[in-house]
Amino acid sequence: MDVRIDDIDRKILAQLQRDASQSLDDIAREVGSSKTPVWNRIRKLRDAGVIGQHTVVLDAEALGFEACFFVLIRTSAHEAEWQAAFLKALNDRPEVQEAHRLAGDIDYILKVRVKNARAYDVFYQALISEVRVHNVTALLSMEEIKSTTMLPL
């Protein structure tokens, strides 16, 4: 669905990105509108697919997931069957927070969040037992400097 987004829509989206648990009254006050038009705009944006699922951001370290690895994968297999098996392997593993197919020398990059290096090795061994890969390089993040899901509206 094609949807036009104006300045008020952008203000609403910015408020929702900041805190999706805000009341409609609070959002309306922040964007200079009333509750019903804001609700109608949110519904329109949701129906158009601009607004996706609503979630809660959890603190990984507070929950014991202290290790974040960026996993670079090179493969010599690119056929549809391999890609389907790879996608299934990624989707079956909640440790994989992000997966991207890349242009260039590296085929895929994964963001994997686990409790420690031993847990990463369990993940790694399971992955390579299910899909054939040419080369895997794991980079341990020493410190998360910035992380956001907010878009620059």
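Which residues are linked with D9 in a network of salt bridges? Keep that in mind as you open the structure, which is a predicted model.

**Stop 1: two helices that cross**

Start by selecting residues 7-18, which form helix α1, together with residues 35-47, which form helix α3. Their axes lie 10 Å apart, and the packing angle is about 80°. An angle from 65 to 115 counts as roughly perpendicular, so that is the relationship between α1 and α3.

Now show the side chains where the two helices meet. From α1, pick I8, D9, I12, L13 and L16; from α3, pick V38, R41, I42, K44 and L45. Colour this contact by class and you will find seven nonpolar residues, three charged ones and no polar ones.

**Stop 2: the salt-bridge network**

Stay here and add D6 to your selection. Here is the reply to the opening question: D6, D9, R41 and K44 are linked in a network of salt bridges. Side chains of opposite charge can pair when their charged atoms come close.

Centre the view on D9 and look at R41 beside it. The closest N and O atoms of this salt bridge are 2.8 Å apart. Because D9 sits in helix α1 and R41 in helix α3, the pair ties together parts that are 32 residues apart in sequence.

D9 also forms a salt bridge with K44, with 3.1 Å between the closest N and O atoms. This pair, too, runs from helix α1 to helix α3, so it ties together parts that are 35 residues apart in sequence.

Is D9 buried or exposed? Its relative accessibility is 0%, so D9 counts as buried. K44, in contrast, counts as partly exposed because its relative accessibility is 31%.

**Stop 3: the largest nonpolar core**

Next, select I73, F86, L110, V112 and L127. These are the members that touch the most others in the largest nonpolar core, which has 19 residues. To see where this core comes from, highlight β1 (67-74), α4 (80-91), β3 (108-114) and α5 (117-130), the elements that each give two or more residues to it.

Zoom in on L110. Beyond its neighbours within four places in sequence, L110 is in contact with F69, F70, V71, I73, F86, L90, E98, A99, F123 and L127.

Apart from this core lies another one, of ten residues. Select I12, L13, V31 and L45, which are among them. You have already met I12, L13 and L45 where α1 and α3 come together.

**Stop 4: a salt bridge at strand β3**

Where does E144 find its partner R113? E144 lies in the segment after β4 (135-140) and R113 in strand β3, so their salt bridge ties together parts that are 31 residues apart in sequence. Measure across the pair in your viewer and the closest N and O atoms should come out 3.5 Å apart.

Switch on a surface to compare the two ends. E144 counts as partly exposed because its relative accessibility is 46%, while R113, at 12%, counts as buried. By the rule used here, the model has eight salt bridges.

**Stop 5: N135 in strand β4**

Finish at N135, which is found in strand β4. With 31% relative accessibility, N135 counts as partly exposed. Setting aside residues up to four places away in sequence, N135 touches L72, I73 and R74; I73 is one of the core residues from the third stop. Lastly, add S76: it is 59 residues from N135 in sequence, yet their C-alpha atoms are 9.1 Å apart in space.

Notes:
Residues are numbered from 1 along each chain as its sequence is written. This is a predicted model: local features need pLDDT of at least 70, side-chain atom pairs count only at pLDDT 80 or more; totals for chains, interfaces and linings use all residues. Side-chain values use heavy atoms; hydrogens and water are left out. Axes are lines fitted to C-alpha atoms, for helices over the stretch in contact, and angles run from 0 to 180 degrees between N-to-C directions. Helices (H or I, at least four residues) and strands (E, at least two) are DSSP runs, numbered from the N terminus. Angles under 35 degrees count as roughly parallel, over 145 as roughly antiparallel, 65 to 115 as roughly perpendicular and the rest as oblique. Contact means heavy atoms within 4.5 Å. Ala, Val, Leu, Ile, Met, Phe, Trp, Tyr, Cys and Pro count as nonpolar, Asp, Glu, Lys and Arg as charged, and the others, Gly among them, as polar. A nonpolar core is a set of buried Ala, Val, Leu, Ile, Met, Phe, Trp, Tyr and Cys residues joined through side-chain atoms within 4.5 Å. Buried means under 20% relative accessible area, exposed over 50%, partly exposed in between (1.4 Å probe, protein chains only). A salt bridge is a side-chain nitrogen of Lys or Arg within 4 Å of a carboxyl oxygen of Asp or Glu.
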